[in-house]
Amino acid sequence: EGFWRLFKLGVSCSRDPGKDFLGVSDALLEEIAKAIKFPAPSMLPPEAFSVVRKSFDARKSLKEPKFVYTVDMDVNKLLDLEPCTWDFIFELEPKIGQIEHMPHERVSGDITNIIHNYRRIYDSAVSIKDGDNQLSEPYKHHTTKKPKVVVVGSGPSGLFASLVLAEFGADVTLIERGQAVEQRGRDIGALVVRKILQLESNFCFGEGGAGTWSDGKLVTRIGRNSNSVLSVLKTLVNFGAPENILFDGKPHLGTDRLVPLLRNFRQHLQRLGVDIRFGTRVHDLLVENGNVVGVEVYESGSNSKFNSQKLGCDAVVLAVGHSARDIYQMLLSHNTILVPKEFAVGLRIEHPQELINGIQYAELAAEVRSGRGRIPVADYKVGKYIDGDDGDERFSSPIKRSCYSFCMCPGGQVVLTTTNTAELCINGMSFSRRASRWANAALVVTVSSKDFESLNFHGPLAGVEFQREFERRAATLGGGNFQVPVQTVTDFLESKLSGASIPPSSYRLGVKAASLHELFPSYITEALQSSILMFDKELPGFISSNALLHGVETRTSSPVKIPRSTETYECTSLKGLYPIGEGAGYAGGIVSAAVDGMYAGFALAKSLDLYQGSM
Ligand code: FAD
């Protein structure tokens, strides 16, 4: 009974209907029939099957590249089959390996159901007691006095926390220093075309947070099939994302899809009564007797006390991302404990997309070029552990560290993620079609407290100072006016600047040839050089005079963690404050930030007595 999940169903490229096909094709039904040992594929009702995951496998060890499917089978929908065909169903056993029984129903799509499902997920996460995770209690809306919550930041974590809290009846004010997506789009246009950086409305700040003008990859390391991830993805579908994000092995939205989605998200929050204030920056917390009792806000861009306003509330959710360095300083002024954490720094490499397609797909690359849309533009993921004994004497590191590719954007472009004119840092973004001529990815090396200390940076914000140091050096090397310093990979490996012409870059604000091998301390440069040599063994052609390194990539994740209770999500050193998302050190991408916001919303709803779960 119930659902059975069928894994690893391989369909050849020539028989796959294409990346936007949501149904179950004849070719897939044949593979399903093989997996369940059913003799007549054409008798299987397609509506009994739903695609859970689809990925493309072009490993060179395979005879032929394939699309690989995971499919759920709803046994109830097979009941109309002829009784004589039922035997095969009784023979299905979880032990078969390719097949697993799924005891839970799937999350359904409308927002009320999603919220109900959130409750179930939250309950099962926190109330292991008695194994009871039933949806027993209805919402407990306060009709007289609703508790007031201020959520600071409208990135994925702040949006999902606001959604859950508003659904449970809290009086939510969402404060965002940047602008709504419509104005933010114009500000980013002015940056890219006329080099005008709005300090409060840019690639990091504004509606949707850092995730809006981004690559919009929805891959996550927190369990892509988990119910919490699925609930977040379903919510995005509810607000306009295409359904294929629910089953693509590497789901991707792209900026052009994120912008209307965020507008729908905003309208839903407003319908729930959330007061959203754009262009408003939280400058300070109001603290009384060790409890946060509100926030002081300024109109963004203004530092005048005369324009400030004080907002009282019962709790503050801090979802400010990792570029709000002023907020870290402000927290320290209230004696909040911040703990420096490991992160990674490096450079962004860019290749012609055709080169990466050729490396990954060989002759199949021609099909990508044809634009028929079956085969996705190629990406890659590479990583290496540097242990000082990798066989290449030129590059031996005394400290063990990881070097890896990060935030790879096929068909994307390199963008400026600076929030300050004296500093320079970059990242990658793309549009949904991923049709640009370039493929870029960060190549980064892990750094930790010892490295910060080696540059004389100490204390809780040592990691922030470490980032700043290289962002300033990059701004100087680039020659100012947001020009990015670049170097060919071949020159970087030889630690020289040959003067040969540099290949074109997707970065729109200008590039300048520079000695990037001199930007970082030698242990970072050498770790990068050594790993690039190894990556070229895995992806022959990766080292190319057409591959251009751009500096610098420093904001891969938060340089600090704000300790909080695992159960209530409340900050351990400041009551009434709920630090969430990437800036607090609890997420590393769009989906994980959204999931953190969702769980924090539940925990806070429970503390505010808005929700009686089974705890
Ligand atoms: P953020 O998204 O950073 O949001 C924080 C918000 O708080 C911002 O809108 C900011 O304006 C606001 N804020 C800050 N301070 C204040 C204040 N004092 N008052 C009021 N508001 C304030 N991740 C992926 O998973 N996939 C990708 O493809 C991807 N691509 C990326 C591309 C780029 C260019 C960048 C910059 C990041 C990318 N990321 C990607 C990372 C991802 O965007 C972040 O991990 C995610 O957005 C973090 O969510 P968050 O809610 O914790 O914080």
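## Ligand shell, domains and a small-strand sheet

By class, 19 nonpolar, 18 polar and six charged residues make up the shell around the ligand. Keep in mind that this is a predicted model. The domain assignment splits the protein into domain 1 (3–102), domain 2 (111–338 + 562–607) and domain 3 (340–553).

**Around the ligand**

- Of the 43 residues around the ligand, the ones that come nearest are Gly153, Gly155, Gly209, Gly321 and Gly581.
- Helix H4 (156–167), strand E8 (280–288), strand E17 (426–430) and helix H15 (590–607) are the elements that give two or more residues to this shell.
- Domain 2 and domain 3 each put at least three residues into the shell.

**Where domain 2 meets domain 3**

- Here 23 residues of domain 2 are in contact with 23 residues of domain 3.
- On the domain 2 side, helix H5 (181–194), helix H7 (255–271) and helix H8 (325–333) each chip in at least two residues.
- That side of domain 2 breaks down into 12 nonpolar, six polar and five charged residues.

**The E2-E3-E1-E4 sheet**

- Four strands line up in the order E2-E3-E1-E4 as an open sheet with antiparallel pairing.
- Strand E2 (49–57) and strand E4 (99–102) sit at the edges with a single partner strand each, so one side of each has no neighbour in the sheet.
- On average, neighbouring strands of this sheet are turned by 25° against each other, direction ignored.
- Strand E1 (residues 3–12) and strand E3 (residues 66–74) run antiparallel and are joined by eight bridges.
- Val11 has Phe67 in E3 as its bridge partner.
- Helix H1 (residues 26–35) lies across E1, E2, E3 and E4, and runs at about 125° to E1.

Definitions and conventions:
Residues numbered from 1 in each chain as written. Predicted model: local features only at pLDDT ≥ 70, side-chain atom pairs only at ≥ 80, totals over all residues. Domains from an automatic or database assignment. Contact = placed C-beta atoms within 7 Å. Nonpolar A, V, L, I, M, F, W, Y, C, P; charged D, E, K, R; others polar. Near = placed C-beta within 6 Å. Pairing = 2+ DSSP bridges. Axes fitted to C-alpha atoms, helices over the stretch in contact; angles between N-to-C directions.
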